[in-house]
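Here are a few notes from my look through this one, point by point. Have the structure open as you read.

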Amino acid sequence: MGEQKWEQPMGGSNAASGSQAAEAEAGAGERQHTQYPYVTGTSVIALKYKDGVIMACDTGASYGSTLRYKSVERIKAVGKHSLIGASGEFSDFQEILRYLDELTLSDHMWDDGNSLGPKEIHSYLTRVMYNRRNKFDPLWNSLVLGGVKKGPKGEEKYLGMVNMIGTHFEENHIATGFGNHLAIPILRSEWREDLTFEEAVKLIEKCLLVLLYRDRSSINKFQVAKITAEGATIYPPYSLKTHWGFSHFENPSQGAVGSW
């Protein structure tokens, strides 16, 4: 058989389809951004206490609805004065940490005796999140930023959050994700400005336990971190004692209306 020859389509719909194919081929190598969160972490809880700021979350990360990863750390130290915790897409959080590494390195290179505090870093993050939202390519995270830095009134504690569309605020206690519904009422009821570290840990563990019982994305492996004027401390993960013998856990449909 002789070699088959292909002719270039001329005019009409064939030309249009050929143009579309060329455009599709040219765009095949373009970078595709994450448009949906795949590996996600659940709630972060943080509050101010007598000496600084305490933050906690579990170490689980879900792949869709599957609890795929059990040892993911979602709390990191930023510079000398700040802690950051993240809910949402973990790869986007890693990208944010890369931004913060560049920011703190640039700040350190000035070598002027000053360093960025939690308020400045929180302000930077609000601009980053809002900028990405305006590009319709958001970073799918809710970020909690806490820290302690010396100011005009002495050692000043700071705690703020920013979400994926740039909404941000400062507060004495913060919870993201499911915790925004279940932990905030507990914090509003029991938080005090003069909490000791031990009391703050007990209050946070109470919130974490409530979330463990009711949030399917939570696991019983938690990490607590604190930051004071002396610096940041991130403690090793640990588990809480649980009790699943409640009657409604054993027979959740008892007394319910319907056939379930």
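1. Strand 3, residues 52–58, is mostly covered: seven of its seven residues come out as buried. Bear in mind that this is a predicted model.

2. On one side, have a look at strand 2 (residues 44–48), which runs antiparallel to strand 3 and is joined to it by five bridges. The two strands make a hairpin, with three residues between them. If you want a residue pair to check the register, K48 has V53 of strand 3 as its bridge partner.

3. Strand 3 also pairs with strand 12 (residues 222–228), again antiparallel, through seven bridges. Here the pair to click on is C57, which sits opposite Q223 of strand 12.

4. Now the helices. Helix 2 (residues 90–110) and helix 3 (residues 118–134) have axes that come within 12 Å and cross at roughly 135°. That angle falls short of the over-145 range for roughly antiparallel, so helix 2 and helix 3 count as oblique to each other. The crossing of helix 2 past helix 3 is right-handed.

5. Which residues make the contact between these two helices? From helix 2 there are I96, Y99, L100 and L103, and from helix 3 there are I121, Y124, L125, V128, M129 and R132. By class, the contact of helix 2 with helix 3 has nine nonpolar residues, one charged and no polar. The charged one is R132, on the helix 3 side.

Conventions
Residues numbered from 1 in each chain as written. Predicted model: local features only at pLDDT ≥ 70, side-chain atom pairs only at ≥ 80, totals over all residues. Heavy atoms only, no water. Buried < 20%, exposed > 50% of the residue type's maximum accessible area, 1.4 Å probe, protein only. Helix = DSSP H or I, 4+ residues; strand = E, 2+ residues; numbered from the N terminus. Pairing = 2+ DSSP bridges. Axes fitted to C-alpha atoms, helices over the stretch in contact; angles between N-to-C directions. Parallel < 35°, antiparallel > 145°, perpendicular 65-115°, else oblique. Left-handed = near helix turned anticlockwise from the far one by under 90°. Contact = heavy atoms within 4.5 Å.
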